[in-house]
Amino acid sequence: MMILATLLTGASEYVQLVKVKSDDTYLDTVGQSVYKKIVSNFLYMLSFLVIFIPGAIRYYVGIDYTTYSLYQIPAVLSNRPNVKVESLYRLVIKFGYWLGGQNSYQMIFFLTNLLIVSFLFLYIANVSSYRWLSIIIFMSFGFFFFSLSGMRQSIGVIIALWGLKFIKTRKLSLYLITILVASLFHSSVIIFIVFYFTDKIKINPFFIASMMAVLNVSAAYIRNFIVYLSTRLDLYSSYFGGQFDNGEYSSTWVYLVLLIMLFLCFSRILLGKERYYKNNAELNMHYCACIIISIIGYLPTPGRLLFLFTPVYITLIPNTIALYKNNLTKMIFFGATVMVAIVFMYWFLFVQNLYAVLPYRYTLGNLLS
């Protein structure tokens with residue numbers, strides 16, 4: 001999936017760059033531009049289908065597939081009180097169940113994956129400097145696996161990331177609307193409102209690195225404060241002291257965030273202040289991930305917390321590489337990113353089996369019926 005989607009996306013980008021030669025002269029007429037756009041969009045759509053279809057027809061793939069099938073979906077359909085499912089995803093459940101002839105849940109997962117992958121491809125098209133690299137990062141850095149399990153959060157996060165374009169164009173009202181809609185799929189996404197107002201705050205990555213060391217030392221005290229605040233505000237207080245609040249976490253997440261931080265520290269030196277902060281909203285999201293891994297052993301479900309912010313790597317890494325003017329430097333970073341992506345994808349999929357993606361099963365009968 002990753003290889004085919006990357007090739008198709010790369011071909012889509014290449015078509016846009018091709019110049020048609022006629023009578024020893026390179027032309028780019030209006031007609032040719034339209035033709036190139038059609039071909040480019042067609043290839044990009046094929047790449048979309050490569051990612052979308054396997055996720056849409058999966059059957060009991062992902063940890064939360066069972067949770068949704070046995071608890072959350074039946075609870076919503078029976079209008080059971082006190083089930084934590086946000087209002088827009090309730091509509092997805094009810095509409096998907098209706099589409100499935102009220103005898104199958106599969107259309108709910110179909111619609112869920114349609115929302116995630118559609119906004120993913122729109123986000124990449126609108127924000128990424130190198131779409132093909134964004135596909136590789138999406139598939140290999142964990143968000144693809146997570147999206148097959150943490151579905152409501154994935155919809156909310158990817159819609160919020162699609163809204164990054166409104167930060168770049170300074171359209172506050174549109175950004176606020178986008179985040180509010182996203183939060184109706186998963187309420188935690190409301191935190192993304194902050195990034196519009198912190199976009200002008202330029203933080204040195206070396207300062208964040210120092211801050212991480214301080215936070216790590218004082219992590220126990222920070223946890224106590226978070227628990228107190230959560231209890232007083234009655235926000236996510238049930239997460240503390242529960243079965244997932246056991247101090248366990250995968251060190252893989254720490255390595256991933258630290259590698260990105262190392263890359264950004266180098267970039268801050270090599271690019272200089274003026275160019276480095278071109279993608280400041282994305283940088284600030286990464287810094288939030290840095291804070292989480294600093295106290296990761298004291299947080300419940302830290303992986304899900306990280307997946308609020310680490311999906312921004314889909315565009316942060318390509319956009320940072322694009323800031324380099326030297327082509328050789330770009331090629332080195334391209335190669336390094338691809339090699340790191342291969343290592344993490346192998347580890348996530350075949351060693352950890354992240355979010356129980358394997359064994360992959362699929363069904364067409366419930367969709368076709």
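A salt bridge is taken here as a side-chain nitrogen of Lys or Arg within 4 Å of a carboxyl oxygen of Asp or Glu. In this predicted model, Lys-168 and Glu-282 meet that description, with their closest N and O atoms 3.2 Å apart. The pair links distant parts of the chain, as Lys-168 belongs to helix H9 (residues 164-168) and Glu-282 to helix H16 (residues 280-294), 114 residues apart. The two partners also differ in their surroundings: Glu-282 counts as buried, at 1% relative accessibility, whereas Lys-168 is partly exposed at 41%.

Searching the whole structure gives five salt bridges. Another of these joins the side chains of Asp-199 and Arg-170, at 3.3 Å from N to O. Asp-199 sits in the loop between helix H11 (193-197) and helix H12 (205-217), while Arg-170 sits in the loop between H9 and helix H10 (172-183), so this pair ties together parts that are 29 residues apart in sequence. Asp-199 is buried, with a relative accessibility of 14%, and Arg-170 is partly exposed, with 34%. Glu-86 and Lys-84 form a further salt bridge, their closest N and O atoms lying 3.3 Å apart. Here Glu-86 is buried at 9% relative accessibility, and Lys-84 is partly exposed at 45%. Both residues belong to a network of salt bridges that also takes in Arg-152.

Turning to the nonpolar residues, the largest nonpolar core is made up of 113 residues. Those with the most contacts inside this core are Tyr-89, Tyr-123, Leu-161, Phe-192 and Tyr-313. Phe-192 offers a good view of the packing: setting aside residues up to four places away in sequence, Phe-192 touches Ala-160, Leu-161, Tyr-175, Ile-179, Met-285 and Leu-308. Leu-161 is thus both a contact of Phe-192 and a fellow member of the group with the most contacts in the core.

Nonpolar side chains also appear on the surface. Tyr-346, Trp-347, Phe-350, Val-351, Leu-358, Tyr-360, Tyr-362 and Leu-364 form a patch there, with about 840 Å² of accessible area together. Tyr-346, one of its members, lies in helix H19, which covers residues 327-351. Thr-363 is placed in the loop between H19 and helix H20 (365-368). Thr-363 is buried, since its relative accessibility of 14% falls under the 20% limit. Apart from residues up to four places away in sequence, Thr-363 touches Ile-57, Arg-58, Tyr-59 and Gln-106.

Gly-55 is found in helix H2 (residues 30-56) and is buried, at 2% relative accessibility. Beyond its neighbours within four places in sequence, Gly-55 is in contact with Asn-113 and Leu-148. Ser-267 lies 212 residues from Gly-55 along the chain, and the C-alpha atoms of the two are separated by 35 Å.

The cysteines complete the survey. The count of disulfides comes to zero. For Cys-288, the closest cysteine sulfur is that of Cys-290, but at 9.0 Å this is too far for a bond. Cys-290 in turn has its closest cysteine sulfur in Cys-265, where the separation of 8.4 Å is again too far for a bond. A disulfide would call for sulfur atoms within 2.5 Å. Cys-288 is partly exposed, with a relative accessible area of 22%, whereas Cys-290 is buried, at 0% relative accessibility.

Note on methods. Residues are numbered from 1 along each chain as its sequence is written. This is a predicted model: local features need pLDDT of at least 70, side-chain atom pairs count only at pLDDT 80 or more; totals for chains, interfaces and linings use all residues. Side-chain values use heavy atoms; hydrogens and water are left out. A nonpolar core is a set of buried Ala, Val, Leu, Ile, Met, Phe, Trp, Tyr and Cys residues joined through side-chain atoms within 4.5 Å. Buried means under 20% relative accessible area, exposed over 50%, partly exposed in between (1.4 Å probe, protein chains only). Contact means heavy atoms within 4.5 Å. Patches are made of residues with over 30% relative accessible area and no salt bridge: like charges are joined within 9 Å, nonpolar side chains (Val, Leu, Ile, Met, Phe, Trp, Tyr) within 5 Å. Accessible areas come from the Shrake-Rupley method with a 1.4 Å probe; for residues, only the protein chains shown count as cover. Helices (H or I, at least four residues) and strands (E, at least two) are DSSP runs, numbered from the N terminus.
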